[in-house]
Amino acid sequence: MPLGKRTDCGDARFAGVELPFAELLCGFDFVVAPLVDPSHRRPALELPPGEAVQARLRTELMLSSAQWGGQIVGRTSPWIDPDSPDADAAALSARALAQELEWASFLGLQAVLVPAPPRLGAADNFARLLNRTLQNLSHMAVWVQLPLAVPKAAAAAAAAAAEEGGEGGGEEGEGGPPRDPWEDWQRLFSLCERSALLGVALEVGADLPPAPLVRRWLGQPLKALLLPTSVFTTNKRGYPVLSRPHQELAALAFRAGVQLVLTGESRHRVAPAPTQPPPPPLPPAAAAAGGEKAAAAGSGEQEPPHQPQQQQQQPPPAEGFPIVNPGESHPLRPYWEYLAYLFRRGGDPSPHEALEAGYRDYLQAPLQPLADNLESQAYETFEKGGGGGTAAARRLLRVYAVEKNPAAVVHIQAMVAREGWGDVVTIVSADMRTWQAPSPADILVSELLGSFGDNELSPECLDGAQRFLAPGGVSIPRAYTSYLAPVTTAKLHEAVRAYKDLEHWETPYVVKLHRFHTLSPPQPVFTFEHPNRADPTDNGRALTLTFPRRAEDGAGELHGFAGYFEADLYPGVTLSTHPSTHTPSMFSWFPIFFPLREPQLLPAGAAVGVHVARVVGRHRVWYEWAVTSPTPGVVHNPGGRSYWVGL
């Protein structure tokens, strides 16, 4: 499978390269290219009054729409600064930004890279103009370029100035401390109404910030990492390589589906591969196929060995667009090959990863096991005992399988007959809460756990069924505990917001979390034990949790809470979705996500408080939750008005 088309990376391509204005096709997965000639200082599409349009060949217009849409990311002019203190320069920048983005939309680009103004923390006009453009876009994304971290030199200079008595709090470059790029991004994202079409591209420097400051970007719409050639070092053979921390960053990007973009000129002199003789001239009829061949070259696919790849020259412009695929001779090719090596080193996705890939960051409503009859696939993971056992053991064993779903009863009957357990298993079509067992049981086995442990009414069901147990009988599971953790996940926040109603903000979702960041480790919430010896029985719960955060982990953003569970099935046997104790190769349960209607920006070191309640009514059970600190928020789902589980 071509590197640029791995299915586990979603729609993200593998790696691209930033190129000059005149060079577009070079054998990489995709390219980042200026939208206009960098020599233009006035809006490129603006003509002086009375000036006639000069007829000239614009080679970029000879590309197909598929090439523009799938292989090219545009880049706006770096001089644009709508918040410039020079009023004329600001007005010129505003017109240029609008026109270049309009040009990119006309070309059908998937994305445009926009360098951030020098004072992004105060770039209100830039944010206003960008937001206005985003309102009129239907599919094209806008990536704002920011540094991954404040350069150490700038931070050291600011610290030295502070020691000398300088005042802080100003903008970078105006005597104040350097601003955190993450906070600048949050300000811009908020001013642009958290548009689903707005993303961020981070420029990677030689010095990387601590891991928590990197991982917090995974919860944001991070689209690309810009890797300058200056961050590469040289190995013993003279080839460009990355340091170990940079390799780990690249691997993190690959796993998250974040694209890599090489920037800058080659800094390594690597002998090119021997060139092959040029191919014979193509007949005119073959010239039309040039565009298709360019698309294959741009996607990273290799041509058959008998077709020379280097120095291929197509017919002149009069007969078609001239395509040059320098292949191995391109000066940036060694860098791309190294990134390809890092990508391949990650290996193909395991069957487990391939199975769950389609569920990543996909919202699913939790099951209603008592109110609804489940589909057949929910029963296909039914665990059967190993082997048939001895005849003596089978005579001593009697199993009652109680199932309320009539359709499932037929399915289970066929399964029991196929496995030869008909003389041992008695299938009962009934609700376990009302069925009367013929005799007390020594073991009560159930599978009623939900993604939050108790969210599929396991406590209520097992409390009603424990009357089946003989004195000293065993319940499997015998206990389970739910857990919560505050998370950043802009992708899920946008997915819930897209419904545009209150009900979805007050519904917890089962979801395979992928693009998210945990702000503080999970903490235990509710614990239930079986058999339940409490008298009277009350499965309602409520508590307030406080999640500490380290100041060195920087500022954060809270979008909701991820829920997990740990189950004690039998002494020494556990089942867990908790990240630190997750049962290996177990994907029957995904985490649960409790969204927040309004995300909260968290200052560095600010703790997160949440109040969560499990409320039991006469005919239903529901959850209520609310942020209590650092800024109190609204109570979600009061009285179960939007979501509940029916008894």
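Colleague: In strand 23, which residue is the bridge partner of alanine 542?

Modeller: That's alanine 613. Before we go on, this is a predicted model, so local features need pLDDT of at least 70 and side-chain atom pairs count only at pLDDT 80 or more, while totals for chains, interfaces and linings use all residues. Residues are numbered from 1 along each chain as its sequence is written, and side-chain values use heavy atoms, with hydrogens and water left out.

Colleague: Okay, so what is the order of the strands in the open sheet of four?

Modeller: Strands (E, at least two residues) and helices (H or I, at least four) are DSSP runs, numbered from the N terminus. Two strands pair if DSSP finds at least two bridges between them. Here the order is 19-23-24-25, with antiparallel pairing. Strand 19 (541-547) and strand 25 (645-646) stand at the edges with a single partner strand each, so one side of each has no neighbour in the sheet.

Colleague: How many bridges join strand 23 to strand 24?

Modeller: Eight, and the two strands run antiparallel. They form a hairpin with three residues between them, and valine 616 stands opposite valine 621 in strand 24. On the other side of the story, strand 19 pairs with strand 23 (residues 608-616) over seven bridges. Strand 24 and strand 25 pair over two bridges, and arginine 620 has glycine 646 of strand 25 as its bridge partner.

Colleague: Is strand 24 mostly buried or exposed?

Modeller: Buried means under 20% relative accessible area, exposed over 50%, and partly exposed in between (1.4 Å probe, protein chains only). In strand 24 (residues 620-629), seven of the ten residues are buried, so the strand is largely enclosed by the rest of the structure.

Colleague: Now a helix. What span should helix 7 have?

Modeller: The expected span is 1.5 Å times one less than the number of residues. Helix 7 (residues 244-256) has 13 residues and should span 18 Å, and its end C-alpha atoms are indeed 18 Å apart. Its buried residues include Leu249, Ala253 and Phe254. Among the elements covering the buried residues of helix 7 are strand 7 (222-228) and helix 10 (333-345). Just after helix 7, glycine 257 takes a positive phi of about 75 degrees.

Colleague: And which glycine follows helix 10?

Modeller: Glycine 347, with a positive phi near 80 degrees. Buried residues of helix 10 include Trp336, Leu339 and Phe343.

Colleague: How many residues does the largest nonpolar core have?

Modeller: A nonpolar core is a set of buried Ala, Val, Leu, Ile, Met, Phe, Trp, Tyr and Cys residues joined through side-chain atoms within 4.5 Å. The largest one has 70 residues, and Leu109, Leu130, Leu198 and Leu225 have the most contacts inside it. A second, separate core of 43 residues includes Leu448, Leu545, Leu602 and Val645.

Colleague: What is leucine 225 in contact with?

Modeller: Contact means heavy atoms within 4.5 Å. Leaving aside neighbours within four places in sequence, the contacts of leucine 225 include Leu249, Ala253 and Val258.

Colleague: Last one: how many disulfides does a search of the whole structure find?

Modeller: Zero, where a disulfide is a pair of cysteine sulfur atoms within 2.5 Å. Cysteine 192 is buried, with a relative accessible area of 1%, and cysteine 461 is buried with a relative accessible area of 1%.
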